[in-house]
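Here are my notes for your first read-through. Keep the viewer open beside you and look up each residue as you reach it.

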Amino acid sequence: MSQPEMSAPAPAASPAVILTGDRPTGPLHLGHYVGSLRSRVGYQHEYEQFIMLADSQALTDNMDDIDKVRRNVVEVALDYLAVGIDPAKSTILIQSQIPELAELTFYYLNMVTVARLERNPTVKAEIVLRGFERDIPAGFLTYPASQAADISAFKASIVPVGEDQIPMIEQTNEIVRRFNRIANRDILVECKALVPEIGRLPGIDGKAKMSKSLGNTINLGASADEITAAVKKVYTDPLHLRVQDPGHLEGNVAFIYLDAFDTDKAALEEMKAHYVRGGLGDSIVKKRLEAVLQEMLAPIRARREEFAKDKGQVMQMLKEGTARAREVAARTADEVKAALGLNYF
């Protein structure tokens with residue numbers, strides 16, 4: 001009897017592609033860790049992950065201090081390595097060193113109107129935040145097209161962002177759909193926003209956003225003394241004037257941080273209940289918060305200091321990652337140019 005033919009196993013599906021990144025305008029802080037870095041360490045085991053140091057985009061509102069952007073490229077890369085991002089598993093790239101991204105941006109600008117760019121809620125909010133009024137750098141206004149180029153160049157289908165960035169993803173997909181209609185086939189890939197479970201982390205002063213420009217951060221590379229000093233300034237409950245008074249959790253930054261970083265959830269819930277009914281001082285809460293942050297940040301700081309001993313090696317890692325990323329972006333750019341009839345030779 002003849003043996004039945006054995007069919008070849010189906011090829012494994014390629015992992016989904018993620019694009020994420022940061023503007024290198026200063027060291028990364030706890031807000032970055034909660035919002036993206038902690039998740040990226042996990043993503044690199046599940047997805048094909050590209051992490052972009054968006055230096056070109058950072059220049060759109062930092063042309064008066066270009067050295068700040070340049071020097072922070074390596075500093076942010078050190079933060080990546082310190083938290084556990086592995087360049088063998090995640091492709092870390094420098095945006096400005098991939099000219100195809102600028103080329104794609106130029107083509108995409110023909111697929112969106114100035115009025116649509118100005119209506120983008122994220123762009124509108126950032127214009128107000130920076131006080132541009134009508135003195136808006138053109139590069140800043142056209143950021144949605146640039147982001148569409150960044151995402152589509154790597155054919156990323158997943159983009160981790162905060163809720164405030166969702167309009168940017170929507171506009172990226174508008175551009176992708178319009179291009180695919182022009183090309184009469186699906187060359188570019190639509191993407192989905194992946195919003196972290198823990199939203200934006202407030203600053204130590206209680207402001208809605210932890211921000212380098214507001215000076216209300218705790219940096220990932222902070223020394224033990226810097227952590228101690230910062231925790232002393234952490235905003236709690238302004239109505240909690242006496243230890244015996246009931247305290248409030250809403251807007252209490254100390255407890256927001258403990259929710260984000262304290263791994264002993266049962267003990268934390270007991271502390272919350274004690275605080276709400278009264279009899280627990282803010283100093284005790286801050287003492288617990290400091291212990292949690294010191295324990296979490298000490299190994300990150302140690303790894304960062306070790307990697308910083310050889311910044312040349314860090315730059316070599318960035319060079320290799322950028323080269324890999326450029327190969328991918330160049331293939332997409334070639335497809336886009338061919339679809340637009342720009343393949344003459």
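The points below go from the whole chain down to single residues.

1. **What you're looking at.** First things first: this is a predicted model. The protein chain has 345 residues, and 46% of them count as buried. Its secondary structure comes to 14 helices and five strands. If you measure the C-alpha trace along its principal axes, you get a span of about 80 × 75 × 40 Å.

2. **Surface and contacts.** The chain's accessible surface is about 17900 Å², with 54% of that area belonging to carbon and sulfur atoms. Now count the contacts in the chain that have a separation of 6 or more: 77% of them are between residues 24 or more positions apart.

3. **Two domains.** Try colouring the chain by its domain assignment, which gives domain 1 (17-201 + 311-340) and domain 2 (221-307). Notice that domain 1 is written as two stretches, 17-201 and 311-340. Taken over C-alpha atoms, the domain centres are 33 Å apart. Where they touch, domain 1 puts in 14 residues and domain 2 puts in 11 residues.

4. **The largest nonpolar core.** Which residues touch the most other members of this core? They are Leu30, Tyr80, Ile218, Leu220, Tyr257, Phe261 and Leu293, out of 50 residues. Helix H3 (residues 66-83) supplies the largest share, with nine residues. Both domains take part too: domain 1 and domain 2 each give at least three residues to this core. As background, nonpolar side chains tend to be buried together in soluble globular proteins.

5. **Zoom in on Leu293.** Pick this residue and skip its neighbours within four places in sequence. Leu293 is then in contact with Leu30, Ile218, Ile227, Val231 and Phe261. Of these, Leu30, Ile218 and Phe261 also appear among the core residues that touch the most other members.

6. **A second core.** There is also a separate core of 34 residues. Val17, Ala149, Leu188 and Val336 are among its members.

7. **Strand, helix, strand.** Go to strand S1 (residues 17-22), where five of the six residues are buried, leaving the strand mostly covered. S1 pairs with strand S2 (residues 48-53) over six bridges. Parallel or antiparallel? The pairing is parallel. For one bridge to find on screen, look at Leu19, whose partner in S2 is Phe50. Together, S1, H1 and S2 form a β-α-β unit, and its hand is right-handed.

8. **His32.** This residue sits in helix H1 (residues 30-43). Why does His32 count as buried? Its relative accessibility is 16%, and the cut-off for buried is under 20%. Leaving out residues up to four places away in sequence, His32 touches Asp22, Pro27, Leu37 and Lys212.

9. **Arg303.** Helix H13 (residues 282-307) is where you'll find Arg303. Arg303 counts as partly exposed because its relative accessibility is 35%, and that label covers values between 20% and 50%. Beyond residues up to four places away in sequence, Arg303 touches Ala82 and Val83. Finally, how far apart in space are Arg303 and Glu335? The C-alpha to C-alpha distance is 41 Å, for a pair 32 residues apart in sequence.

How values were computed: Residues numbered from 1 in each chain as written. Predicted model: local features only at pLDDT ≥ 70, side-chain atom pairs only at ≥ 80, totals over all residues. Heavy atoms only, no water. Core = buried A, V, L, I, M, F, W, Y, C linked by side-chain atoms within 4.5 Å. Buried < 20%, exposed > 50% of the residue type's maximum accessible area, 1.4 Å probe, protein only. Helix = DSSP H or I, 4+ residues; strand = E, 2+ residues; numbered from the N terminus. Domains from an automatic or database assignment. Contact = heavy atoms within 4.5 Å. Pairing = 2+ DSSP bridges. Right-handed = clockwise from strand over helix to strand, strands pointing away. Areas by Shrake-Rupley, 256 points an atom, 1.4 Å probe, with all protein chains shown as cover.
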